[in-house]
There are 2 protein chains.
Amino acid sequence: MKVTMRDVAQAAGVSTMAVSVVLSGSGNKRVSVSPETAERIRRAAQELRYRPNHLARSLKTQKTHQIAVVFQHFCGIGPENPYHIQVLQGVTSALFPKGYAMTLCPRMILDGDANLMSDGRFDGVLWCRPEFDAESLDAIKCASVPVVMMHVPNGMAPNIPTFCADNDGAMRQVVAHLKSLGHRRIAFVIDPISVKSVEGAIRREALKAAAEKAGMPTPELIVLEQDHSVLAQYAGPGALHTALVCFSDELACHVLKSCVRYEVRVPDDVSVVGFDSSPFCETTKPRLTSVSQPVDRMANAATTHLLSLIEEAEKGLPRSPMTCCLYDCGLDVRDSTAPPSTHRRV
Amino acid sequence: MKVTMRDVAQAAGVSTMAVSVVLSGSGNKRVSVSPETAERIRRAAQELRYRPNHLARSLKTQKTHQIAVVFQHFCGIGPENPYHIQVLQGVTSALFPKGYAMTLCPRMILDGDANLMSDGRFDGVLWCRPEFDAESLDAIKCASVPVVMMHVPNGMAPNIPTFCADNDGAMRQVVAHLKSLGHRRIAFVIDPISVKSVEGAIRREALKAAAEKAGMPTPELIVLEQDHSVLAQYAGPGALHTALVCFSDELACHVLKSCVRYEVRVPDDVSVVGFDSSPFCETTKPRLTSVSQPVDRMANAATTHLLSLIEEAEKGLPRSPMTCCLYDCGLDVRDSTAPPSTHRRV
DNA sequence: TTGAAAGCGTTACCAT
DNA sequence: ATGGTAACGCTTTCAA
């Protein structure tokens, strides 16, 4: 049933070594096989439909040509959220030409078992949106393979290369835009899950810093639970806030819907800003102003860097200097932001 | 550096067997370990940061808990095309709860080396958009693991379960829609790559059959090369065709752009229909009428079926009967289809 | 209850 | 130039 190297060796009347040398293409220079023997081996392999076992080879060579991509806070992927697909696009475009495979591992993603990084299956790990609980940090520090992270600001991860959007710059653009429209009191809106994430904290701080720098009041934090009725209170006519900066486009979308429900007009009563500039920002009503980050470029760069780290480790080359890249964001101004209406400016 | 089972065994003063039994959780009933020994082993493992090697385990148990997803005709993934992400969504939602990992393997995807299916790394393979050259067919027939295919009509694959959209039904809807608008002469537009694919042939045939059944002339085939100027000829005022049914949304998009360029008005001069009903159909000008297929549901069902096949093979259960599922499509009517203008109806 | 040892399918060193 | 053989790290049978 299952054809092994031994079967091929036997069929060709040679040793397994000869088969290995001929078929693995490892370019082993210490051993050579005569052309006719090589040919005989190749023929036998083909006839028997021999397929080298990747597992056995990896176990022996300690090289799997497989990397893991970990999305923490993974709640499913879908066309409505462009994030995951942009990451995958960047990753595969860097990985595939080099012959590496990519795997999504549920026990890391769902169970958060960071130790699986070092279970021998992967030559490296790209970790997106990590949390830094003690356990994870420990697993990372002791990882037996190179790790690269995305969406982590410089310095948060111990000795780990990071590729991150410039959230500070992004929020400065948002604030500048809102300020130029005449807004003064803005709020940061986030969901209960993301508020606990590193990314949530970063963006919140970034908005706060940008507002202060612009001489505006500290933005209030609105954690939006199931019940969106608070929106009426925060964003309705007479409310203090004239602009809501949302953690994500998805959340912003929910906000837009709830605004309709509670008869809050966007952008007349309140301006709304999203994050990610998803394709659907064009189709919301009104079209959603949103921050764009070059996710695919970041993912591509992160992956390329990961591959170079793997190669360095493999060849015993000196480690390249620590890399922490920051990527500029853009602000796609659409129709959900406008000057605050005067009749209720406070 | 690398902690193996032997290290743990040594530290706990037991044999590797004991460690294996305690830590693998394989529920080996023939062997039992005393509670205190077990505890000692667990402690030693934790202290040494022991991580079982997945490769070695898989090699021994012949079970990897990993399946491969193959996209043939893979030209990169991106947010503009919802297809890949919908597949991944369906796959992961079926796979992850069962603890299986998913890998994208470039040598299968790009190099088309179907033999890699059987390289020991995967418990099963989900193959999307396959081509049926002799080599692939051969590799499939001899695969050592279960294979399930998507987008293959019933019967094309030898003894392989398939999950496919009902292209015939879809094209019947398209034709009915166009006919009700008053169209008679329609054309099928496709790119030079897809025209060679199985899927391309299927849809073309489906449209042809639907047109004939509706008493309309056989649709002409337009293979759209780089130069779209043929559109002016085929779709411009005075041309025979009043409607273009495109292989994909992406292609339809190019068609829309070229129509602008060659001063062909859509839908006044010609109606255009896409395939996939991508989110961007809402944002094209005019909004694109398109066929929708439940890709994520198909992928989920295909994956679930694959898992059951794997389990059957594993436990030596009788193989369940061959499954070939057909999925209903919908037609999302938007603004790119309208009655043909009378002044140039032939 | 526990230990020793034989594989799983490779690769690579050391002989011949 | 070629063959024997010891790993790689694990699971599992067989003996004790």
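These are my notes from looking through a predicted model with protein chains and DNA strands.

**Ground rules**

Residues are counted from 1 along each chain as its sequence is written, while chains get letters from A and ligands get numbers from 1 in the order in which they are written. As the model is predicted, local features need pLDDT of at least 70 and side-chain atom pairs count only at pLDDT 80 or more, but totals for chains, interfaces and linings use all residues.

**Entry 1: where chains A and B touch**

I began with the two protein chains. I found 45 residues of chain A in contact with 45 residues of chain B (contact: C-beta atoms, placed from the backbone, within 7 Å). On the chain A side, α4 (54–61), α5 (82–95), β2 (101–104) and α6 (106–109) each give two or more residues. Those labels are DSSP runs numbered from the N terminus: helices are H or I with at least four residues, strands are E with at least two. I noted that α5(A) gives the most, with eight residues. Sorting this side by class, I got 21 nonpolar, 17 polar and seven charged residues. Here Ala, Val, Leu, Ile, Met, Phe, Trp, Tyr, Cys and Pro count as nonpolar, Asp, Glu, Lys and Arg as charged, and the others, Gly among them, as polar.

I also looked up how strands meet across the two chains. β2(A) pairs with β2 (residues 101–104) of chain B in the antiparallel sense, over three bridges (to pair, two strands need at least two DSSP bridges between them). One bridge I wrote down links A:L104 to B:M102.

**Entry 2: the DNA**

Which residues come nearest to DNA strand C? I listed A:M5, A:S20, A:S24, A:N53 and A:A56, out of 30 residues around that strand. A residue is near when its C-beta atom, placed from the backbone, lies within 6 Å. Both protein chains take part: α2 and α4 of chain A and α2 and α4 of chain B each give two or more residues. α4(A) gives the most, with five residues. The classes came out as twelve nonpolar, 13 polar and five charged.

Then I turned to DNA strand D. There, 31 residues surround the strand, and the closest are B:M5, B:M17, B:S20, B:N53 and B:A56. I found α2 (16–24) and α4 of chain A, plus α2 (16–24) and α4 (54–61) of chain B, each supplying at least two residues. By class, the surface near strand D has 13 nonpolar, 13 polar and five charged residues.

**Entry 3: two helix pairs**

Two packed helices are described by the angle between their axes and the distance between the axes. Axes are lines fitted to C-alpha atoms, for helices over the stretch in contact, with angles from 0 to 180 degrees between N-to-C directions.

In chain A, I checked α1 (residues 5–12) against α3 (residues 35–48): the angle is about 125° and the axes are 9 Å apart. That is why I call α1(A) and α3(A) oblique (under 35 degrees is roughly parallel, over 145 roughly antiparallel, 65 to 115 roughly perpendicular, and the rest oblique). A:D7, A:V8, A:A11 and A:A12 of α1(A) touch A:R40, A:I41, A:A44, A:A45 and A:L48 of α3(A). Seven of these residues are nonpolar, none polar and two charged.

In chain B, the axes of α8 (residues 167–181) and α9 (residues 198–213) come within 8 Å and cross at roughly 50°. α8(B) is therefore oblique to α9(B). The residues that meet include B:M171 and B:V175 in α8(B) and B:I202 and B:L207 in α9(B). I sorted the contact residues into nine nonpolar, one polar and three charged.

**Entry 4: a sheet in chain A**

I traced an open sheet of six strands in the order β7-β6-β8-β9-β10-β12, with mixed pairing. β7 (220–223) and β12 (330–332) each have a single partner strand, so one side of each has no neighbour in the sheet. On average, neighbouring strands are turned by 25° against each other, direction ignored. Helix α9 (residues 198–213) of chain A packs on this sheet, touching β6 (186–190), β7 and β8 (243–246), and its direction makes about 175° with that of β6(A). Within the sheet, β9 (residues 271–275) and β10 (residues 289–292) run parallel, joined by three bridges. A:V273 has A:T289 as its bridge partner in β10(A).

**Entry 5: backbone oddments**

I looked for cis peptide bonds in chain A. The bond from A:V266 to A:P267 is cis, with omega near 5°, and A:P267 sits in the loop between α11 (249–261) and β9. The bond from A:K285 to A:P286 is cis too, with omega near 0°; A:P286 lies in the loop between β9 and β10.

Note on methods: Two residues are in contact if their C-beta atoms, placed from the backbone, lie within 7 Å.
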